[in-house]
Amino acid sequence: MSTQLIYQRKFYFQTGLKKKMAQQLLKNPKIELSAIQKDRWVRVQAEVVLDPDEDVQREMLEAFPEQKESYAVGDGNMACFYLKNASATFYSFKESPHTIKF
């Protein structure tokens with residue numbers, strides 16, 4: 001995920017509607033991802049929502065102007081998704097897990 005943005009207190013990412021990833025997210029909007037660094041890791045669970053708001057698209061392109069070569073506001077291909085009902089659980093071999101919701 002190379003384009004991400006916090007806009008109106010929501011975490012957004014962007015892709016193209018023609019891409020397989022976007023089509024898969026539209027069919028099954030539940031996601032889970034994890035990352036690890038040394039002896040700690042995080043697991044994020046959320047639903048993704050496609051936001052058709054052109055203001056979001058405009059903000060994304062302002063934050064990532066290099067994307068203007070491939071996308072334009074209202075072009076029918078630019079897809080900005082945000083996370084809904086998200087939680088992140090942080091784990092460690094030394095500490096108890098803790099979860100935040102956002």
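How many of the 102 residues of the protein count as buried, as a percentage? The figure comes to 34%. Keep in mind as you look around that this is a predicted model.

Let's start with the overall layout. The protein has six strands and two helices, and if you walk along the sequence you meet them in the pattern β-β-α-β-β-α-β-β. Along its principal axes, the C-alpha trace spans about 50 × 30 × 25 Å. As for how the chain meets itself, take the contacts with a separation of 6 or more: 56% of them are between residues 24 or more positions apart.

Now for the outside. The accessible surface is about 7100 Å², and carbon and sulfur atoms account for 50% of that. The protein carries 15 positive and 13 negative charges, and the mean positions of the two sets sit 8 Å apart.

Next, a few individual residues, going roughly from the N terminus onward. Arg9 is in the loop that links β1 (4–7) to β2 (10–16). If you check its backbone, you'll find phi near 65°, which is a positive value in a residue other than glycine. That's worth a second glance, because most residues other than glycine have a negative phi. Is Arg9 buried or exposed? Arg9 has a relative accessible area of 83%, and since anything over 50% is called exposed, Arg9 counts as exposed.

Lys38 makes a good companion to look at. Lys38 belongs to the loop between β3 (30–37) and β4, and its phi, near 55°, is again positive in a residue other than glycine. Lys38 counts as exposed because its relative accessibility is 78%.

Lys38 also leads us to a pocket, since Lys38 is one of the residues lining the second largest one. How much space lies in this second largest pocket? About 180 Å³. Besides Lys38, the lining includes Gln37, Asp39, Arg40, Trp41 and Val42. Further along the chain, Phe90, Tyr91, Ser92, Glu95, Ser96 and His98 line the pocket too. The elements that each give two or more residues to this lining are β4 (40–51) and β5 (78–92).

Now for the buried side of things. Ala22 is part of helix α1, residues 20–27. With a relative accessible area of 0%, Ala22 is buried, as the cut-off for that label is under 20%. What does Ala22 touch, once neighbours within four places in sequence are left aside? The answer is Thr15, Gly16, Leu17 and Phe81. To get a feel for distances, try Ala22 and Asn77: they are 55 residues apart in sequence, and their C-alpha atoms are 10.0 Å apart in space.

Ala86 is another buried alanine, with a relative accessible area of 3%, and this one is in strand β5. Leaving aside sequence neighbours within four places, Ala86 is in contact with Gln45 and Ala46, and also with Ile100, Lys101 and Phe102. If you measure from Ala86 to Leu17, 69 residues away along the chain, the C-alpha separation is 22 Å.

Finally, have a look at the loop between α2 (54–63) and β5, where Gln67 is found. Why does Gln67 count as buried? Because its relative accessibility is 17%, and the cut-off is under 20%. Not counting residues up to four places away in sequence, Gln67 touches Thr3, Gln14 and Leu61.

Gly74 lies in the loop between α2 and β5 as well, but its label is partly exposed, because its relative accessible area is 44%. Beyond its neighbours within four places in sequence, Gly74 is in contact with Glu54 and Gln57. One last distance to try in your viewer is Gly74 to Leu25, a pair 49 residues apart in sequence and 20 Å apart, C-alpha to C-alpha.

Notes. Residues are numbered from 1 along each chain as its sequence is written. This is a predicted model: local features need pLDDT of at least 70, side-chain atom pairs count only at pLDDT 80 or more; totals for chains, interfaces and linings use all residues. Side-chain values use heavy atoms; hydrogens and water are left out. Helices (H or I, at least four residues) and strands (E, at least two) are DSSP runs, numbered from the N terminus. Buried means under 20% relative accessible area, exposed over 50%, partly exposed in between (1.4 Å probe, protein chains only). Contact means heavy atoms within 4.5 Å. Accessible areas come from the Shrake-Rupley method with a 1.4 Å probe; for residues, only the protein chains shown count as cover. Lys and Arg count as positive and Asp and Glu as negative; His and the chain ends are not counted. The place of a charge is taken as NZ of Lys, CZ of Arg, CG of Asp or CD of Glu. On a 1 Å grid over the protein atoms alone, a cavity is a set of points where a 1.4 Å probe fits but cannot get out, and a pocket is an open set with protein on both sides within 12 Å along at least five of seven lines; lining residues have an atom within 4 Å of a point. Grid points are joined across faces, edges and corners, and a volume is the space filled by probe spheres set on the points.
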